[in-house]
Amino acid sequence: MKKKIEIDSKVIARAALIAALYFVLTAFLPAISYGPLQIRVSEALTLLPALMPVSATIGLFVGCFLANLYGMVVSITGIYDVIFGSLATLVAALLTTRIKKKPFLPLPTIIVNAVVVSAYIWQYFIDSLKIEWLKNLSPIIRYLFTVVSIGMGETIATYFLGLPLFLALEKQLKGKNLL
């Protein structure tokens with residue numbers, strides 16, 4: 001029998017806090033948060049669904065949606081990032097709730113974002129790209145290059161920032177059942 005999940009004010013407050021943190025960490029660091037070469041510091045938060053599945057999943061989705069919407073409003077990215085980038089974050093968060101071994105917690109975020117975001121991100125930056133040889137690559141090679149670069153940025157954000165954050169929070173929250 002499935003366990004019924006009650007969303008109370010604490011879950012909503014945690015989700016709002018995570019959304020706000022994600023948005024601020026992304027929007028206030030635009031040079032490294034948007035583009036084919038990015039290290040979103042906010043992605044360090046993507047391991048939180050393993051600690052608080054409901055509030056973190058909702059918070060990450062809303063925060064990413066708002067950060068990507070901001071990116072579109074200030075003409076950094078566009079509607080594809082708002083839709084597909086936000087959905088990629090949602091899927092990665094849902095997958096993260098299923099991971100039981102801590103060293104593997106970052107993998108859903110790394111893999112999903114590398115595959116999904118790389119499919120569309122170049123269209124926003126190709127005209128402003130200063131590196132001509134990258135501009136002239138075939139779309140498939142450019143996609144693979146971006147999978148690697150987005151994957152590396154996600155690896156830095158999740159393993160070097162997110163995992164230590166996760167371990168510190170896990171220690172502080174030991175024994176508490178958070179949704």
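This passage goes through the fold, packing, surface and annotated spans of the protein. The model is a predicted one.

As far as secondary structure goes, the protein is helical: eight helices turn up and zero strands. Read from the N terminus, the order of elements is simply α-α-α-α-α-α-α-α. The radius of gyration comes out at 17 Å, close to the 16 Å expected from the globule rule for 179 residues, so the protein is as compact as a globular protein of that length. Along the principal axes, the C-alpha atoms take up a box of roughly 55 × 30 × 30 Å.

Next comes the packing. Of the 179 residues, 43% are buried. Among contacts in the protein with a separation of 6 or more, 73% link residues that sit 24 or more positions apart.

On the outside, the accessible surface adds up to about 9,900 Å², and carbon and sulfur atoms supply 72% of that area. As for charge, the protein carries 16 positive side chains and 8 negative ones, with 11 Å between the centres of the two sets.

The UniProt record, an unreviewed entry, lists residues 12-32, 44-70, 76-97, 104-123 and 143-169 under "transmembrane region". Two of these listed spans can be set against the model. Residues 12-32 are 90% helix and 0% strand, and 29 Å separates the C-alpha atoms at the ends of the span. For residues 104-123, the helix share is 65%, again with 0% strand, and the end C-alpha atoms are 31 Å apart.

Notes. Residues are numbered from 1 along each chain as its sequence is written. This is a predicted model: local features need pLDDT of at least 70, side-chain atom pairs count only at pLDDT 80 or more; totals for chains, interfaces and linings use all residues. Side-chain values use heavy atoms; hydrogens and water are left out. Helices (H or I, at least four residues) and strands (E, at least two) are DSSP runs, numbered from the N terminus. The radius of gyration is taken over C-alpha atoms; the globule rule is 2.2 Å times the number of residues to the power 0.38. Buried means under 20% relative accessible area, exposed over 50%, partly exposed in between (1.4 Å probe, protein chains only). Contact means heavy atoms within 4.5 Å. Accessible areas come from the Shrake-Rupley method with a 1.4 Å probe; for residues, only the protein chains shown count as cover. Lys and Arg count as positive and Asp and Glu as negative; His and the chain ends are not counted. The place of a charge is taken as NZ of Lys, CZ of Arg, CG of Asp or CD of Glu. UniProt positions are given in the numbering used here, feature names are shortened, and annotations may be inferred rather than shown by experiment.
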